[in-house]
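The following note sets out several points on the model shown below. Each point may be checked against the coordinates.

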Amino acid sequence: MDISFFSNDYTVRRMEKADVADIYLLCSKNGLYYQYCPPFVTEQSILDDMKALPPNKEICDKYYVGYYKEEELIAVMDFIMAYPDEKTAFIGFFMTAASIQNAGIGSSIIDDLCRYLADIRLSSIRLGWVKGNPQAEHFWHKNNFKETGITYDTDNYTVVVAQRVL
Ligand SMILES: CC(C)(COP(=O)(O)OP(=O)(O)OC[C@H]1O[C@@H](n2cnc3c(N)ncnc32)[C@H](O)[C@@H]1OP(=O)(O)O)[C@@H](O)C(=O)NCCC(=O)NCCS
């Protein structure tokens, strides 16, 4: 896996502790997301997410990355390789900067990622959105993600699990 191939248009690099303030600025302007997926972001929740792993996964399969247009952070993604099975990749979180939304950039990032993952012989990509979040649901449907039929409940919301065949 080489994250420099994730995007044709943007520089992709792993995010570190020093990037938390920039990530917070990007996330905190996406209020709708946190209405459906509370609690609201904090610098500590970003640090926790940078280390969070699904069950039975190791840190070597986790890529918490930023997409840069020149020096500007325009998107953040939490990507897990080979989850829940060897041929599937998992997006734990994806967010674009509010200032560049609704211009097709999020979709082009997902398209480039899918092309790369198909090249390295993965067969699908999976993720979840909070049931009822109109922005997330519209975006993932538009990008050819289909509900798997799996949902799970947390204390505050229901997650709809969806998948795109590569
Ligand atoms: C979802 C998100 C990544 C899309 O990024 P983007 O760069 O705007 O993506 P695009 O421009 O390719 O597509 C946006 C689509 O969402 C639609 N959209 C935007 N706000 C919407 C809303 N409140 N309700 C319904 N659809 C909405 C746009 O109309 C557009 O669809 P269209 O091309 O059919 O008109 C971005 O809005 C975001 O970061 N949201 C907050 C985080 C989030 O919800 N992440 C995904 C869930 S894990």
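At what angle do helix α1 and helix α3 pack, and how far apart are their axes?

1. This is a predicted model, in which local features need pLDDT of at least 70 and side-chain atom pairs count only at pLDDT 80 or more, while totals for chains, interfaces and linings use all residues. Residues are numbered from 1 along each chain as its sequence is written, and side-chain values use heavy atoms, with hydrogens and water left out.

2. Helix α1 (residues 20-28) packs against helix α3 (residues 43-51) at about 110 degrees, with the axes 9 Å apart. The two helices are therefore roughly perpendicular (65 to 115 degrees). Contact (heavy atoms within 4.5 Å) joins Val20, Ala21, Ile23 and Tyr24 of α1 to Glu43, Ile46, Leu47 and Met50 of α3. Seven of these residues are nonpolar, none is polar and one is charged; Ala, Val, Leu, Ile, Met, Phe, Trp, Tyr, Cys and Pro count as nonpolar, Asp, Glu, Lys and Arg as charged, and the others, Gly among them, as polar.

3. The axes of α4 and helix α5 (residues 134-142) come within 10 Å and cross at roughly 45 degrees. α4 and α5 are therefore oblique to each other, a term for angles that are not under 35 degrees, over 145 or from 65 to 115. Gly106, Ser107 and Ile110 of α4 meet Phe139, Trp140 and Lys142 of α5. That contact comprises three nonpolar, two polar and one charged residue.

4. The largest nonpolar core (buried Ala, Val, Leu, Ile, Met, Phe, Trp, Tyr and Cys residues joined through side-chain atoms within 4.5 Å) has 51 residues, and Tyr67, Met77 and Trp140 have the most contacts inside it. Helix α4 (residues 105-119) gives the most to this core, with seven residues. Buried means under 20% relative accessible area. Leaving aside residues up to four places away in sequence, Met77 touches ten residues, among them Tyr63, Tyr67, Phe93 and Leu113.

5. Most residues other than glycine have a negative phi, and most peptide bonds are trans. Asn56, in the loop between α3 and β2, has a positive phi of about 65 degrees. Glu70, in the loop between β2 (62-69) and β3 (72-80), has phi near 50 degrees. Asn56 is exposed (over 50%), at 79% relative accessible area, and Glu70 is exposed at 72%.

6. The peptide bond from Pro38 to Pro39 is cis, with omega near 5 degrees; Pro39 lies in the loop between α2 (31-36) and α3. Another cis bond joins Tyr83 and Pro84, with omega about 5 degrees, and Pro84 is in the loop between β3 and β4 (88-96).

Conventions
Axes fitted to C-alpha atoms, helices over the stretch in contact; angles between N-to-C directions. Helix = DSSP H or I, 4+ residues; strand = E, 2+ residues; numbered from the N terminus. Buried < 20%, exposed > 50% of the residue type's maximum accessible area, 1.4 Å probe, protein only.
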